[in-house]
Amino acid sequence: MGKITKFGDDGEEVTMKETPTSHQPEAQDDVSMADAGEEGEEGEEEYEGEEEGTKVRLLPGSTPTAASFEFLEESHTLGNALRYVIMKNPDVEFCAYAIPHPSEAKMNVRIQTYEGTRAVDALRKGLRDIQDLCDVVSDKFLEARKDFTEKKAAASA
């Protein structure tokens, strides 16, 4: 599985394995990214030297309640579903996604939350909700396929 990159209290990058959020340790308080400088070529260089599998990173300039995230190797499929699910959260004020350029395999998600809820937590909840939704759809499909094959076998006999 990939890793999530975020910034610690001292501004240094910290990575966390992508496991179901129920199995991850509680996140520490987010740090204002205002001191991280302007987004630019530095942001591109952050991927150099990182372990392969890093899929999400917190973009510079983020605050605890308003953050932008960059997903690698993702598209409108996840972007639109994630935006929809995150906007269902009553603690979220705004959520949008963009594909910066069609030739780059990147997707950016912007989340703004009401005071008292962190944007990182809203993203984790959204990802968890999508995973739960996919599990339900998969279970229903497998159940329907099993019923179909049993009926087909009974009709053939």
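**Exercise 1. Determine how many salt bridges the whole structure contains, and characterise the one formed by Glu74.**

Solution. A search of the whole structure, which is a predicted model, returns 6 salt bridges. The general basis is that side chains of opposite charge can pair when their charged atoms come close.

Step 1. Identify the partner. Glu74 pairs with Lys55, and their closest N and O atoms are 3.0 Å apart.

Step 2. Locate both residues. Glu74 sits in the loop between strand S4 (66-72) and helix H2 (76-87), whereas Lys55 belongs to strand S3 (residues 54-58), so the pair ties together parts that are 19 residues apart in sequence.

Step 3. Assign the exposure. Glu74 has a relative accessible area of 25% and is therefore partly exposed. Lys55, with 24%, is also partly exposed, since this class begins where the buried class, under 20%, ends.

**Exercise 2. Establish which residue forms a salt bridge with Glu70, and whether Glu70 is buried or exposed.**

Solution.

Step 1. Find the contact. Glu70 forms a salt bridge with Lys106, the closest N and O atoms being 4.0 Å apart.

Step 2. Place the pair in the fold. Glu70 is part of strand S4 and Lys106 part of strand S6 (residues 106-113), so the bridge ties together parts that are 36 residues apart in sequence.

Step 3. Judge the burial. Glu70 has a relative accessibility of 5% and counts as buried. Lys106 is buried as well, at 11%.

Step 4. Look for further partners. Arg57, Glu70 and Lys106 are linked in a network of salt bridges.

**Exercise 3. Describe the salt bridge between Arg118 and Asp121, including the accessibility of each residue.**

Solution.

Step 1. Read the distance. The closest N and O atoms of Arg118 and Asp121 are 2.9 Å apart.

Step 2. Classify each side. Arg118 is buried, with a relative accessible area of 14%, whereas Asp121 is partly exposed, with 32%.

**Exercise 4. Set these pairs in the context of the chain: what pattern do its helices and strands follow, and what share of its residues is buried?**

Solution.

Step 1. Count the elements. The chain has 3 helices and 6 strands.

Step 2. Order them. Read along the sequence, the pattern is β-β-α-β-β-α-β-β-α.

Step 3. Consider burial and surface. Of the 157 residues, 32% are buried. The chain exposes about 10,300 Å², of which carbon and sulfur atoms supply 52%.

Step 4. Consider contacts across the sequence. Among contacts in the chain with a separation of 6 or more, 52% are between residues 24 or more positions apart.

Methods. Residues numbered from 1 in each chain as written. Predicted model: local features only at pLDDT ≥ 70, side-chain atom pairs only at ≥ 80, totals over all residues. Heavy atoms only, no water. Salt bridge = Lys/Arg side-chain N within 4 Å of Asp/Glu carboxyl O. Helix = DSSP H or I, 4+ residues; strand = E, 2+ residues; numbered from the N terminus. Buried < 20%, exposed > 50% of the residue type's maximum accessible area, 1.4 Å probe, protein only. Contact = heavy atoms within 4.5 Å. Areas by Shrake-Rupley, 256 points an atom, 1.4 Å probe, with all protein chains shown as cover.
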